[in-house]
Amino acid sequence: MKNYPTAHINAKPEDFAKTVLMPGDPLRSEYIAKNMLDGAVLVNNVRGINGYTGTYKGKRVSVMASGMGMPSMGIYSYELFNFFDVDNIIRVGTAGALDKSLKLCDIVLAMGASTNSSYASQFCLNGTFSAIASYKLLRDAHDEIIQKNIPCCIGNVLSSDYFYNADTTANSKWIEMGIKCIEMEAAALYMNAARANKNALAILTISDHIITGEQTTSHERQTAFTDMMEIALETAIKQE
Ligand code: HPA
């Protein structure tokens with residue numbers, strides 16, 4: 001059965017490279033395509049979820065936004081993995097720091113993504129699923145980080161359904177479990193990758209500190225974003 005185009009992605013499988021970078025924000029997707037890829041062509045813009053395919057150092061790479069939150073990431077990553085023959089998705093996003101040792105603009109590789117969402121309930125598992133990154137993507141990204149001599153933290157993050165959480169005690173409990181930072185998409189991405197037997201990684205930069213209240217300036221965010229994107233692109237071209 002032909003499963004494309006879908007209601008969300010108006011493209012054909014061959015329009016996408018095997019590796020797709022996914023920022024949350026469609027404007028970031030456009031920025032990456034126009035400034036970091038060669039010959040980028042728009043392959044999707046349903047609902048303004050800009051998707052592009054171009055080349056980086058001569059290899060095909062795609063970039064498409066995920067939107068915010070796990071339902072949105074869930075739709076796009078499911079369709080890319082299952083209907084558009086994509087093998088690897090690298091989320092490139094921001095996160096709020098929970099770990100005191102993290103500084104603004106630090107990079108976190110999400111080795112695991114814990115969650116307060118019910119996303120895993122669809123799989124009807126008799127227990128708790130550990131949503132983890134692809135080891136190869138994680139290792140390749142880490143190798144690149146070592147080569148660039150950029151500080152980074154590798155650990156468990158929280159993919160939260162709440163940006164504004166009425167339970168003000170929630171974060172401290174996650175901190176006690178060693179969670180490094182909060183974001184809103186990685187767990188759904190990792191679960192979809194597991195279920196489709198594909199590969200996923202979330203590379204995050206710390207945009208704000210939940211404990212100290214510090215926030216990055218837009219200039220700091222841009223510089224940190226460029227480092228993160230270079231790491232993601234170098235990781236992308238190391239894949240098959
Ligand atoms: N919460 C959730 N997601 C985020 C945050 C946050 O504080 N900062 C950046 N992404």
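Q: Does Arg-47 count as exposed or buried?
A: Arg-47 counts as exposed, because its relative accessibility is 72% and the cut-off for that class is over 50%. This reading, like those that follow, refers to a predicted model.

Q: Where along the chain does Arg-47 lie, and what is notable about its phi?
A: Arg-47 belongs to the loop between β2 and β3, the latter spanning residues 51–56. Its phi is near 55 degrees, which is a positive value in a residue other than glycine.

Q: At Asn-149, what is the value of phi, and in which loop is the residue found?
A: Phi of Asn-149 is near 60 degrees, again positive in a residue other than glycine. Asn-149 sits in the loop that joins α3 (135–148) to β7 (152–159). With 70% relative accessibility, Asn-149 is classed as exposed.

Q: Which geometry, cis or trans, does the peptide bond from Tyr-4 to Pro-5 have?
A: The angle to read is omega, and here it is near -10 degrees, so the bond from Tyr-4 to Pro-5 is cis. Pro-5 itself is placed in the segment before β1 (19–22).

Q: Turning to strand residues, is Asn-44 buried or exposed?
A: The class is read from relative accessible area, with buried meaning under 20%. Asn-44 has a value of 2% and is therefore buried. The residue is part of strand β2, which covers residues 38–44.

Q: Which backbone oxygen atoms lie close to the side chain of Asn-44?
A: One is the backbone oxygen of His-8, which the Asn-44 side chain reaches at 3.4 Å. Another is that of Ile-49, 3.1 Å from a polar atom of the same side chain. Beyond four places in sequence, the residues in contact with Asn-44 include His-8, Ile-9 and Asn-10, as well as Ile-49, Asn-50, Gly-51 and Met-64.

Q: With which side chain does that of Thr-19 make a polar contact?
A: The partner is Asn-88, and the distance between the two side chains is 2.9 Å. Thr-19 is located in strand β1 and is buried, at a relative accessible area of 3%. Apart from residues up to four places away in sequence, Thr-19 touches Val-61, Ser-62, Asn-88, Ile-90, Ala-236 and Gln-239.

Q: How is Asn-35 to be classed, and in which helix is it found?
A: Asn-35 is partly exposed, with a relative accessible area of 49%. It is found in helix α1, residues 26–36. The C-alpha atoms of Asn-35 and Ser-72 are 25 Å apart, although 37 residues separate the two along the chain.

Q: For the chain as a whole, how many helices and strands are there, and how compact is it?
A: The protein chain contains six helices and nine strands. Its radius of gyration is 17 Å, close to the 18 Å given by the globule rule for 240 residues, so the chain is as compact as a globular protein of that length. Along the principal axes, its C-alpha atoms fill a box of roughly 45 × 40 × 30 Å.

Q: What share of the residues is buried, and what share of contacts joins residues 24 or more positions apart?
A: Of the 240 residues, 51% are buried. Among contacts with a separation of 6 or more, 77% join residues 24 or more positions apart.

Q: What can be said of the surface and the charges?
A: About 11,500 Å² of the protein chain is exposed, and carbon and sulfur atoms supply 52% of that area. The chain has 21 positive and 25 negative charges, whose mean positions are 4 Å apart.

Methods: Residues numbered from 1 in each chain as written. Predicted model: local features only at pLDDT ≥ 70, side-chain atom pairs only at ≥ 80, totals over all residues. Heavy atoms only, no water. Helix = DSSP H or I, 4+ residues; strand = E, 2+ residues; numbered from the N terminus. Rg over C-alpha atoms; globule rule 2.2 N^0.38 Å. Buried < 20%, exposed > 50% of the residue type's maximum accessible area, 1.4 Å probe, protein only. Contact = heavy atoms within 4.5 Å. Areas by Shrake-Rupley, 256 points an atom, 1.4 Å probe, with all protein chains shown as cover. Lys, Arg positive; Asp, Glu negative; His and termini not counted. Charge placed at Lys NZ, Arg CZ, Asp CG, Glu CD. Polar contact = N/O pair within 3.5 Å; in protein donor to acceptor, adjacent residues only side chain to side chain.
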